[in-house]
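The following note sets out several points for a colleague's consideration. Please read it alongside the sequence and the structure.

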Amino acid sequence: MASIKIRPISDLRNNYASVEEDVKKGPVFLTKNGYGTLVTMTIEEYERISDPLERLLDETDEYCRTHTEREDGEAMFKKIRDRRHALRKVSA
């Protein structure tokens, strides 16, 4: 795993090319006055992280549209967790 990169937010303005190169290697944490404010990453990394969740939300929406019976929250969250774990195994 790559080391965590932490840079001042002013580097976006003053050293953008260098920040962009770091982001290609992994997320970069940006600070303002010594405190974390933002994380920047490539579009590809963002999609890799968010796409599985978007698919799960789409599946949940479809399930709710096509089923009239309702489950309690814990049962539904268990199904979502199980599905997420199955997706992780497939993508690994």
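Which residues make a nonpolar surface patch of about 390 Å²?

1. The model under review is predicted. In it, the patch is formed by Ile 4, Ile 6, Phe 29 and Val 39, and its area is about 390 Å².

2. Of these patch residues, Ile 4 deserves a separate remark. Ile 4 lies in the segment that precedes β1 (5-8). Its relative accessibility is 59%, and Ile 4 therefore counts as exposed, the cut-off being over 50%.

3. The pairing of β2 with β3 should be described next. The two strands run antiparallel and are joined by 5 bridges. Within this pairing, Lys 32 has Tyr 35 in β3 as its bridge partner. Together β2 and β3 form a hairpin, with 2 residues between the strands.

4. The turn of this hairpin contains Asn 33, in the loop between β2 (28-32) and β3 (35-40). Asn 33 is not a glycine, yet its phi is positive, at about 55°. Is Asn 33 buried or exposed? Asn 33 counts as exposed because its relative accessibility is 71%, where exposed means over 50%.

5. Helix α3 comprises 24 residues (residues 43-66). At 1.5 Å a residue, α3 should span 34 Å, and this agrees with the 33 Å between its end C-alpha atoms.

6. The course of α3 nevertheless includes a kink of about 35° at Ser 50. The proline Pro 52 follows shortly after this kink. A description of α3 should thus report both the agreement in span and the kink at Ser 50.

Terms used. Residues are numbered from 1 along each chain as its sequence is written. This is a predicted model: local features need pLDDT of at least 70, side-chain atom pairs count only at pLDDT 80 or more; totals for chains, interfaces and linings use all residues. Side-chain values use heavy atoms; hydrogens and water are left out. Helices (H or I, at least four residues) and strands (E, at least two) are DSSP runs, numbered from the N terminus. The expected span of a helix is 1.5 Å times one less than its number of residues. The bend at a residue is the angle between axes fitted to the seven residues ending there and the seven starting there. Buried means under 20% relative accessible area, exposed over 50%, partly exposed in between (1.4 Å probe, protein chains only). Two strands pair if DSSP finds at least two bridges between them. Patches are made of residues with over 30% relative accessible area and no salt bridge: like charges are joined within 9 Å, nonpolar side chains (Val, Leu, Ile, Met, Phe, Trp, Tyr) within 5 Å. Accessible areas come from the Shrake-Rupley method with a 1.4 Å probe; for residues, only the protein chains shown count as cover. A salt bridge is a side-chain nitrogen of Lys or Arg within 4 Å of a carboxyl oxygen of Asp or Glu.
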